[in-house]
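Biologist: I'd like a close look at one loop residue of your choice and at whatever surrounds it. Please take it slowly and tie it to the rest of the fold as you go.

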Amino acid sequence: MINFAEKTGFICDMDGVIYHGNQILPGVAEFINWLYQEKKQFLFLTNNSGSTPRELQQKLARMGLDVPQEHFYTSALATAAFLKEQSPGCSVYAIGEAGLLNALYDAGITMNDVNPDYVVMGEGKAYSLDTLTKATNLVEKGAKLIGANSDLSGPIENGIAPACRALVAPIELATGKQAYFCGKPNPLMMRTGLRLLNCHSCDAVMVGDRMDTDVISGLESGMETILVLSGVSTRETLNTFAYRPTMVLDGVGDIVKAAQAQKQNQ
């Protein structure tokens, strides 16, 4: 059991935790109000590389949730930060949406479809057989392959959509080269999240809907973890993993109920 009164920081996934597609999930408004009321530090840490923090902020605003831009950190920002650290001023051939392209530009990285240092893959409508073939041949010629995240699929309103790991796989298979993934569960992204919260791992909780990215990344970063059953993982799939979350709840609204029950029992 997590002692919620002692925890100062919350790192939350978004897809399957806060919303599905454009549908807000039950209990989310109550959860965000509780974070503010209890003066908790919080960060929405998403493997979605397509949206900028401002776009995510506006998406939540359309759902009636007022969350400032600085509370969002994406796998696109993690990817750009990694490349800036590894190879300042490098060039890339990128397949992705505005979130990824803006993050790369802001990190001083230039676009190059002739002889780039890296091929960088995110999700997005720019993905096609033509762009895939281009990326494959650039990697074959020596460009290093980077994936924004290692999610195989993501929840959407009418099922699932292939995510970055699945989209990168054809290039890996065709070239025999392995991609390096920057998003969760990469510890680099989790450490950045904790640093942004100015919070030690033992004082933080990771909240997510996936055992293979959210729970494992929280666990390996030294945080207590909550699996919510509002997204990808289920009670059945939970039992196929060798590790366990600290708590399993139906949704983030149950965090508020658990915290209030603890307060009453003190």
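Modeller: A helix here is a DSSP run of H or I with at least four residues, a strand is a run of E with at least two, and both are numbered from the N terminus. With that in hand, let's pick Asp13, which is found in the loop between strand S1 (9-12) and strand S2 (19-20). Keep in mind that this is a predicted model.

Is Asp13 buried or exposed? Its relative accessible area is 6%, and the cut-off for buried is under 20%, so Asp13 counts as buried. What does the side chain of Asp13 pair with? The partner is the side chain of Lys184, through a polar contact of 2.9 Å. Beyond four places in sequence, Asp13 touches Ile18, Phe44, Leu45 and Thr46, and also Lys184. Its other contacts are Met206, Val207, Gly208, Asp209 and Asp214. Several of those can be placed on the fold: strand S4 covers 41-46, strand S13 covers 204-208, and helix H8 covers 211-220.

Let's follow Lys184 next. The peptide bond that runs from Lys184 to Pro185 is cis, with omega near 10 degrees. Pro185 itself sits in the loop between strand S12 (180-181) and H7. H7 spans 187-197, and the loop from H7 to S13 holds Asn198. Asn198 has a positive phi of about 55 degrees without being a glycine. Why does Asn198 count as exposed? Its relative accessibility is 73%, and the cut-off for exposed is over 50%, so that is the class it falls in.

H7 also helps to line a pocket. About 290 Å³ of space lies in the second largest pocket. Of its 14 lining residues, Ala78, Ala81, Phe82, Leu188 and Thr192 are the closest to the centre. H7 and helix H3 (75-86) each supply at least two residues of that lining, and H3 gives the most, with six. By type, the lining splits into eight nonpolar, three polar and three charged residues.

Now look at strand S5 (residues 72-74), where Thr74 lies. Thr74 is at 0% relative accessibility and counts as buried. Leaving out neighbours within four places, Thr74 is in contact with Thr46, which is also among the residues that Asp13 touches. The other contacts of Thr74 are Asn48, Ser51, Leu56 and Met189. Thr74 and Ser49 are 25 residues apart along the chain, yet their C-alpha atoms are separated by 6.1 Å.

Asn48 takes us to the largest pocket. Together with Asp15, Gly50, Glu123 and Ile156, Asn48 is among the lining residues nearest the centre of that pocket. The volume there is about 890 Å³, and the lining has 36 residues. Which elements each supply at least two residues of that lining? They are helix H2 (53-62), strand S10 (153-156), strand S11 (159-162) and helix H8. The mix of types is 14 charged, 13 polar and nine nonpolar residues.

For a contrast with Asp13, try another loop, the one between helix H1 (28-37) and S4, where Glu38 has its place. Glu38 is partly exposed, at 32% relative accessibility. Its side chain makes a polar contact of 3.1 Å with that of Lys263. The C-alpha atoms of Glu38 and Val17 are 20 Å apart, at a distance of 21 residues along the chain. Lys39 is found in this loop too. It is exposed, with a relative accessible area of 70%, and its phi is near 55 degrees, a positive value in a residue that is not glycine.

Finally, step back to the whole protein, which has ten helices and 15 strands. The radius of gyration is 19 Å, close to the 18 Å that the globule rule gives for 266 residues, so the protein is as compact as a globular protein of that length. The C-alpha trace spans about 65 × 35 × 35 Å along its principal axes. Buried residues, Asp13 and Thr74 among them, make up 53% of the 266. Of the contacts with a separation of 6 or more, 67% come from residues 24 or more positions apart.

Key
Residues numbered from 1 in each chain as written. Predicted model: local features only at pLDDT ≥ 70, side-chain atom pairs only at ≥ 80, totals over all residues. Heavy atoms only, no water. 1 Å grid on protein atoms, 1.4 Å probe; cavity = no way out; pocket = protein on both sides within 12 Å on 5 of 7 lines; lining within 4 Å. Points joined across faces, edges and corners; volume = space filled by probe spheres on them. Nonpolar A, V, L, I, M, F, W, Y, C, P; charged D, E, K, R; others polar. Buried < 20%, exposed > 50% of the residue type's maximum accessible area, 1.4 Å probe, protein only. Polar contact = N/O pair within 3.5 Å; in protein donor to acceptor, adjacent residues only side chain to side chain. Contact = heavy atoms within 4.5 Å. Rg over C-alpha atoms; globule rule 2.2 N^0.38 Å.
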